[in-house]
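Hi,

Here is the structure I promised to pass on. Have a look at it first, and then read my notes below.

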Amino acid sequence: MGRGKYNVAPADQRRALGRTFASKAEMEYALQLETWVELGIILDYVCQPKCWLGVVEYTYTPDFLVVPDGATPHYVDVKGMETTAFKRTKKLWAAHGRLPLHVVKKKGKKFETTEVIQ
């Protein structure tokens, strides 16, 4: 099977935890979050929460809402490629986001927060 416009892996390679994720990196991050819940590092997480950014017409769906143990909850967006639309979203998030948005990128086998938008 071929890959799409943004070089996304076929659906069968992005399936885990009873769902198909938008990217393989997003799936791997979800598996990491699941491990963190088991270890007690985070209390919980939510996949694909919908957020309203200033006007009713503009909602954004980050990849995850993460609830750490003893820290402020935050949203996470796992990025492989940053689009023009996401650059606009970052500006709207800075103006209207209620919690921090962590932009996470895969570096080798690990994930790294490259930006936090508040």
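**What I found**

Let me start with a lysine: Lys106 has a relative accessibility of 34%, so it counts as partly exposed. Keep in mind throughout that this is a predicted model.

Lys106 makes a salt bridge with Glu28, and their closest N and O atoms are 2.2 Å apart. Since Lys106 sits in strand β8 and Glu28 in helix α1, the pair ties together parts that are 78 residues apart in sequence. Glu28 is also on the list of partly exposed residues, because its relative accessible area is 25%.

How many salt bridges does the structure hold? There are four. Two more of them involve Lys90. One is with Glu82, where the closest N and O atoms are 2.9 Å apart. The other is with Glu115, again with 2.9 Å between the closest N and O atoms. Here Lys90 belongs to helix α2 and Glu115 to strand β9 (residues 110-117), so this pair ties together parts that are 25 residues apart in sequence. Put together, Glu82, Lys90 and Glu115 are linked in a network of salt bridges. In general, side chains of opposite charge can pair when their charged atoms come close.

Is Lys90 buried or exposed? With a relative accessible area of 15%, Lys90 is buried, as the cut-off for that is under 20%. Its two partners come out as partly exposed: Glu82 has a relative accessible area of 24%, and Glu115 is at 29%.

**The strand to look at**

Next, find strand β7, residues 74-78. Five of its five residues are buried, so β7 is largely enclosed by the rest of the structure. In a regular strand, side chains alternate between the two faces of the sheet. In β7 both faces are covered: on one side His74, Val76 and Val78 are buried, and on the other side Tyr75 and Asp77 are buried too.

What does β7 pair with? One partner is strand β6 (residues 64-68), which runs antiparallel to β7 over three bridges. Phe64 has Val76 of β7 as its bridge partner. The two strands form a hairpin with five residues between them, and Gly70 in the turn has a positive phi of about 85°.

Another partner is strand β8 (residues 101-107), which pairs with β7 in the parallel sense over four bridges. Tyr75 has Leu101 of β8 as its bridge partner. To get from β7 to β8, follow helix α2 (residues 84-96): β7, α2 and β8 make a right-handed β-α-β unit. Lys90, from the salt-bridge network above, lies in that helix, and Lys106 lies in β8.

**One loop residue**

Last, take a look at Ile41, in the loop between α1 (24-39) and β3 (42-47). Its relative accessibility is 45%, so Ile41 counts as partly exposed. Which residues does Ile41 touch, not counting those up to four places away in sequence? They are Trp36, Pro68 and Asp69. Ile41 and Val56 are 15 residues apart in sequence, and their C-alpha atoms are 34 Å apart in space.

If you only have a few minutes, I'd open β7 and then the network of Glu82, Lys90 and Glu115.

Cheers

Methods
Residues numbered from 1 in each chain as written. Predicted model: local features only at pLDDT ≥ 70, side-chain atom pairs only at ≥ 80, totals over all residues. Heavy atoms only, no water. Buried < 20%, exposed > 50% of the residue type's maximum accessible area, 1.4 Å probe, protein only. Pairing = 2+ DSSP bridges. Right-handed = clockwise from strand over helix to strand, strands pointing away. Contact = heavy atoms within 4.5 Å. Salt bridge = Lys/Arg side-chain N within 4 Å of Asp/Glu carboxyl O.
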